[in-house]
Amino acid sequence: MSTIMIVEDDPKINQLLQEQLEKYGFQTVNVEHFDRVMDVFIDRRPDLVLLDVNLPKFDGFYWCRQMRQESNCPILFISARESKMDQVMALENGADDYITKPFDYDVVLAKIRSQLRRAYGQYAPQEGERTVEVAGLKLFLERMELSMNDTKIELSKKEALLLEALMNQYPRVVSRERLLEKLWDEQFVDENTLNVYITRVRGKLKDIGLEGAVETVRGSGYRLRATWEDGQ
Amino acid sequence: MKLFLRDQWAFAAFFLVQLFLLILIFAMDGYWNESLVIYVMFLSVFFAGAFLVVRYLTHRLIYQRLSKPVETLEELTQTYGNAALCRALDEKSLEQYRLYKEQLHAYENKQRDYTTFIQQWVHQMKTPISVIHLLLQNEDDPKSESVREEIDRIKRGLETVLYIARLDRFEQDFLIEPVAIRTLTQNVLAENKRLFIRNQVYPELKIEENWRVESDDKWLSFVLNQLLTNAVRYSAGKSNKVTIRAYERGQHVILEVQDYGIGIPAEDIRRVFKPYFTGENGRKYPESTGMGLYLVKEICGRLHHGVEMDSEVGEGTTVRLVLSAVVPTLQERKDDES
């Protein structure tokens, strides 16, 4: 299990990050006294550090330099400052990457994983994969696989995103707007494309024996129904 | 010279009147020697003339500078000459110059402090926004969606404030490098996805994969952000498409944002780039600050990009950014062809 040290002076962000990381199987270390960052660092030997730039007493750049004298572990800056100068400063002070506020959990997790992989190799223990489960239907978000009992099926990225939204929200309705937003990454998705993806997801579910599981709710959106349970 | 003559004509007139008066008094007393009168007149006029010439030569800088328009504050530090009046003026204007400079410095400092404060404040505000953003991230209900939209609005507002504050220090805050416009546009679109989706407007992207322009990606993103926000806002309910395309025009690459929305009245077009100008559309749409297009113009001016706008009421608006293309190297050309 990888240990991640969070150096962030806003207690709420600190706590939210901590909860999220622990949910995915990371161990987290917090800093309470911002003049003793190094003591915690040396004491706990984290595998990766998330570091805020604006901290009381000394700034993140200072701590980054201090940490670099002790260890080569990946250091990720999290900061509200998005100017090029600040990013360059961070990298020059020994950081490995830079995340700007406000950020998404997905981005932080992805960057943490890629840094850990780079630093400790492919054999680094796979941190708990994100999964969503609804009444026996299980979605593996990293592998993009869907499994029901013993049958498994591969999904495309967009299909996985769509199902994730539906399953997370189960048994409530997910609005079309929300689904469009989820699917929109570098390529935008319009209403027609969404219809296409819904049809594909229905097809995939049918392949593993689940029919009628994605229900259209007129005028609002879609809902997942555990039809397979009713039948049993 | 003109000013000098205008300044001294009273003296000349006074001198001549006095001269004639003196001669008149002598003549009335019965003393009249024609050649002596001519001699006296010649001598007096000669000395008066000499006086004026010397006066002009020693004080000419004053007259010259007084009749020229002022261009810089530094003119106050130039000396006028050696005459007593010149020296007094020198001293005075130097004093004035120092006073102005001091006040200017005070204001500059104040302005700088203020800009720093604004920047810091915007960055501080990002922390609560981050918290709300994180808290909502796993929520899918309509209420959270609505809060997310509002957060987007706050973010856009803060961004505008930040960029206005940065504009003052533009020279220290930009970096021209090759920018891949397709990627940049996709990122800006993704940032604004909620705005598009909520207004049921969809972007149509017509930009070649590897086209690159000379620009600063941060500032160009901000400009595009403003243009897209406008395009979506004025399309909502009327059309569901915004076209972003890039094409070549001579040595330039044109990045064009076209909407099919309500358009801008002809009498407003000339003024939309002025600060705080909102025009007729601004009155209809409450969110207009009148700063968006002004900032676009300002930023593009500093990046040496051209801005053009066409619009017709009821047909839509097209804004074009005139950018300079990065000349692809031979290797890249080969890659393109293969």
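Two strands pair if DSSP finds at least two bridges between them. Helices (H or I, at least four residues) and strands (E, at least two) are DSSP runs, numbered from the N terminus.

The model is a predicted one, in which local features need pLDDT of at least 70 and side-chain atom pairs count only at pLDDT 80 or more, while totals for chains, interfaces and linings use all residues. Residues are numbered from 1 along each chain as its sequence is written, and chains are lettered from A and ligands numbered from 1 in the order in which they are written.

**Exercise 1. Describe how β4(B) pairs with β2(B) and with β5(B).**

Step 1. Take strand β2 (residues 202–206) of chain B: with β4 (residues 241–249) of chain B it pairs in the parallel sense, over five bridges. Within this pairing, Glu204(B) has Thr243(B) of β4(B) as its bridge partner.

Step 2. Turn to strand β5 (residues 252–259) of chain B, which runs antiparallel to β4(B) and is joined to it by eight bridges. Tyr247(B) is opposite Ile254(B) of β5(B), and Val242(B) is opposite Asp259(B) of β5(B).

Step 3. Look at the connection. β4(B) and β5(B) make a hairpin with two residues between them, and Gly250(B) in the turn has a positive phi of about 60°.

**Exercise 2. Place these strands in their sheet and find the helix α7(B) that packs on the sheet.**

Step 1. The open sheet has five strands in the order β2-β4-β5-β7-β6 (chain B), with mixed pairing.

Step 2. At the edges stand β2 and β6 (306–312) of chain B; each has a single partner strand, so one side of each lacks a neighbour in the sheet.

Step 3. On average, neighbouring strands of this sheet are turned by 15° against each other, direction ignored. Axes are lines fitted to C-alpha atoms, for helices over the stretch in contact, and angles run from 0 to 180 degrees between N-to-C directions.

Step 4. Helix α7 (residues 217–233) of chain B packs on the sheet and touches β4, β5 and β7 (316–324) of chain B. Its direction makes about 30° with that of β5(B). Contact here means that the C-beta atoms of two residues, placed from the backbone, lie within 7 Å.

**Exercise 3. Which residues of α5(B) are buried, and how are they arranged around the axis?**

Step 1. A residue is buried if 20 or more other C-beta atoms lie within 10 Å of its own, exposed if 12 or fewer, and partly exposed in between, with C-beta atoms placed from the backbone.

Step 2. In helix α5 (residues 181–191) of chain B, the buried residues are Ile181(B), Leu184(B), Thr185(B), Val188(B) and Leu189(B).

Step 3. Viewed down the axis of α5(B), these buried residues fall within an arc of 135°, so they line one face of the helix. The arc is that of the directions from the helix axis to the C-beta atoms.

**Exercise 4. Compare the domain layout of the two chains.**

Step 1. Domain bounds come from an automatic or database domain assignment. In chain A they give domain 1 (3–120) and domain 2 (131–231), and in chain B domain 1 (2–96) and domain 2 (174–337).

Step 2. The C-alpha centres of the two domains lie 34 Å apart in chain A and 65 Å apart in chain B.

Step 3. For chain A, add that the chain has nine helices and 12 strands, and that 31% of its 232 residues count as buried.
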